[in-house]
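Trainee: I should like to learn how cysteines, cavities and sheets are read from a model. May we take them one at a time?

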Amino acid sequence: MGKGMVISKTLAVIIGIITISCVCGVVLMLIAYQVQIGKNAPVRPPTPEPTTPIPTLPPGTLRLPESLIPESYKVVLQPYFYTELPENVTEQPRLDFKGTSTVRLKCVEDTWFIYLHVQGLNVTDVKVKDMNHTNKIEVNDYEIYSDESNFLKIEVDSKLKNGSHYEVFTAFEGILHEDLSGLYMSRYTEKDEDEDKERFLVTSQMQPTDARQVFPCFDEPALKAVFNITIIHREGSTAISNSPFVESNNEKIDGEKWTVTTFHPTPVMSTYLLAFTVANFAWKTQNERVKIWTYARPEAIKEGHADYASEIAGKILNFYEKTFELRYPLEKLDQIAVPDFAAGAMENWGLISYQESGLLFDKNTSSNFDKEWVATLIAHEFAHQWFGNLVTMRWWNELWLNEGFATYMSYMGLEAAGWDLKDFIVLKEIQVAFQVDSLNSSHPLSLPENEIQTYSDIIDLFDDITYSKGAAVLRMLSKYIGEETFMNGIKAYLRKFQYMSPVSTDLWECLDKEKAKDVAAFMSTWIEQVGYPVITIDTRTGEVYQEQFLLNQTEGHSIPWHIHIMHINSDNKENEYIMTQKGPVKHANFKVPEDVWLLANINCYGFYRVNYDEGNWKKLRMQLESDHYEIPVINRGQLIDDAFNLARAGRLNVTIGLSLTKYMKNETEYIPWESALRNLDYFILMFDRSEVYGPIKKYLRDQVEPLYESFQKYNGSIPDSHTEQYCQVTAISVGCSNGLPECQTMALNLFRDWRGINGTNEIHPNLRRDIYCSAIAAGNEEDWEFAWEEFQRATVAGEKDKLRYALSCTKEIWLLNRYLQYTLDPTKIRKMDVVSTINYIAKNVAGQPLAWNFVRGKWFYLTQEYGAGVISFSSLIDSVTKRFSTDFELQQLQQLQREQEENGQELASRTLEQVIERTEANIKWVNENKQIVMDWFTAEMNH
């Protein structure tokens, strides 16, 4: 039994007395309370004054709140690295940077919080100052969000007032990665007493949203400001930025020698246009009104590789100033060739960055096509100095206002540099955009602002729709309203919105003032809705109707486009018609006699395809075969492109498209040849793993032989005409890849001669890419190893690119697998070249499955190690899946899409949707057309 508890009698009596006393006391207190209540009634306590609650959550979207507007920044950056390693030091002692930023703000709406963007930085100090009262505002707290917003939220102890100005100071630290985004390090080798020495530089790439990786800022395009930049760098190195430098002074900081370089204030501009480089580069200058400096590795400058870029830069800049009637506003314009750069080029205001192959031209090893590429990039980036820099789109949803304009205007800029390539816009932009925009998963040129939020949303817009379709619809508009009217409206637009961030409707208003035509109504159908139309003309009845063109045919949307139809017939009658309804409608000029053909969309000015009744297709084919010169050269190419794509969409018998290529034996112009080969390349991609491929190769070999023979007279030299040079390369490429014996023998002999006794490369630079490829495809391991050694030895980017492509042409599986592994080693294949190298391998029928398995197997590694700032995952997914045309391949793509969704990855999500849709269309087309195609090619070879 457990223990109990007992008390004495005396203690019990005492407890009882105490209890009775407590009860009596409570009764007396209740009586007294009631007496007091009767005398003084209770009063309700006062209601507390309402206060505005301090919000604690970030804004509802990933966009910055509109309460604060930046006006100017003072940014100081100090990168810790050496351009040349000191003696007895084998690696950089440290690779980081630190800095401070002071941004002056205007408050336009009361707020308790300041939101900026920061990513990957350690913010060590934050201060806020009221500029109206010059007093310090206490910072209660600051926090960096780890989600996609990249917000730095600063909470202050007193409300920021509408109309007042403030300064926000931040101190920060960051790492100098080699990821080609933000502020990053690049490296190259330089001969020093016959020994290769490694050299280093720090440079930047801010577009689209990587300025936040360099300093805390308002990293949205419309939030423009003036930037005052100071760079502290190691003594003996040179710093450049957007503006000219004010002064450079040597100072001792923490016991070390540094140079402090201060730059003039920039114009009012967006954060993504900022640029900095610290290097030991040499330069070449052109003393125009605007001083143009071209920077590159000292060896490249010494060898004259920057001479061509320097020579044409002033011509293109002067042309744009005269054309736009608006001067370039800075005192200088720098161009710099960066050894490691993700994009082809970047239009930073006053300091344009290029890949080396985009700026440097070596007359001994570079082809005329390399030269054209240099001119093209300069023309594009210089056009951006007005379209994008001076006048910037308000948000990324209308990126086409930057890139579409720069692409279209670059064809005019090229003419100023002596290149007549304006017709090439059909091949390089229009036909390219047609392919992407014929998918359900395409997107409009101009999307609603709220649909573009994340980094992935933004980066996906840097595509063929934005660049190429943007240029195509501007070309169409210029033709519709007249080139002079168009340019007058553009000049008015630039004058009115300089240093501002307009939207597309502002552009239409400027153009409307120049012309009675309703530009806004016309253009809204082309930029606000996805896709493009196909018009179908029945020349027997004169009926015409329009509907959306889709490769994987669904109903499409029902909104009609405003279509400017220019057409001719074989009687040389030219007419035009504006179609604004879906139809069918009858139009007298579309009805022609039985012996007359009709041709619509002259010179492909309109962004649409044309289908005809079968009788008109036959008459056009017969015209091509009897006298193809009666049809304009652009339309000869476009007829072929339309016919093949209409067949892919199930709107036309595939044999009609194939029959249009029969006249090619007599064709000597590049545009029709390129159009035909691009479309026949689709047949190769679909069938080069099947029995259909043999007859296709024989047909192509037969068609190209006359063209190849026409160029044999040059005996390794090249024709004068640039378009003929393209044709010469086409003849060699098609001839060798389709087994033309004399072509393959020529290529292997020239390559082996180079590899042979004297080691002198006698192959003309224009022809090297295709001759290298053909020789390695037909050659052995020793040929591949020789090309790899030459690739490692080459110092000119253009020559390295030719060899890098050619190495992918081998048929040896083990060599292709080894080459794929090389892409994971930056000492063998630069990071910026990873995607194009894998894409080259995927183009090879032997390499395609290897490349796909490699990408699948290394997907996590690639996304983590490289990220979207280094490589284009969209391009990678698009290229390695071009041959996909089976149910199994479709299932693999769908599995990758599920894995992406499960892992919360959005990289290349739009492209993944597009390639799934493309694969579905391919499966359907192959199932329906394989036997028809086989029969047609077999019959042609048996004639």
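Trainee: Why is the sulfur of Cys 107 without a bond to the closest cysteine sulfur?

Mentor: Please keep in mind that this is a predicted model. A disulfide is assigned where two cysteine sulfur atoms lie within 2.5 Å. The closest cysteine sulfur to that of Cys 107 belongs to Cys 217 and is 19 Å away, which is too far for a bond. Cys 107 is buried, at 0% relative accessibility, and Cys 217 is likewise buried, with a relative accessible area of 0%.

Trainee: How many disulfides does a search of the whole structure find?

Mentor: The search finds two disulfides. Cys 736 and Cys 743 form one of them, with sulfur atoms 2.0 Å apart, and both cysteines are buried. Cys 773 and Cys 809 form a disulfide with their sulfur atoms 2.1 Å apart. Counting the bonded cysteines along the chain gives the pattern 1-2, 3-4.

Trainee: Which parts does the pair of Cys 773 and Cys 809 tie together?

Mentor: Cys 773 belongs to helix H19, residues 765-778, while Cys 809 sits in the loop between helix H21 (797-806) and helix H22 (813-822), so the pair links parts 36 residues apart in sequence. Cys 773 has a relative accessible area of 15% and is buried; Cys 809, at 8%, is buried too.

Trainee: What is the handedness of each disulfide, left or right?

Mentor: The torsion about the S-S bond is the value to read. For Cys 736 and Cys 743 it is about -95°, so that disulfide is left-handed. For Cys 773 and Cys 809 it is about -105°, so this one is left-handed as well.

Trainee: Let us turn to cavities. Which residues line the largest cavity?

Mentor: Rolling a probe the size of a water molecule over the atoms reveals where empty space remains. Here the search finds seven cavities of 30 Å³ or more, and the largest holds about 70 Å³ of space. Its lining includes Leu 599, Tyr 612, Trp 617 and Asp 642. Helix H13 (633-648) is one of the elements that give two or more residues to this lining, and H13 contributes the most, with four. The lining residues comprise six nonpolar, three polar and one charged.

Trainee: In which order do the three strands of the open sheet lie?

Mentor: The order is E24-E23-E26, with antiparallel pairing. E24 (574-579) and E26 are at the edges, each with a single partner strand, so one side of each has no neighbour in the sheet. Six bridges join E23, residues 563-569, to E24; His 567 has Asn 575 of E24 as its bridge partner.

Notes: Residues numbered from 1 in each chain as written. Predicted model: local features only at pLDDT ≥ 70, side-chain atom pairs only at ≥ 80, totals over all residues. Heavy atoms only, no water. 1 Å grid on protein atoms, 1.4 Å probe; cavity = no way out; pocket = protein on both sides within 12 Å on 5 of 7 lines; lining within 4 Å. Points joined across faces, edges and corners; volume = space filled by probe spheres on them. Nonpolar A, V, L, I, M, F, W, Y, C, P; charged D, E, K, R; others polar. Pairing = 2+ DSSP bridges. Buried < 20%, exposed > 50% of the residue type's maximum accessible area, 1.4 Å probe, protein only.
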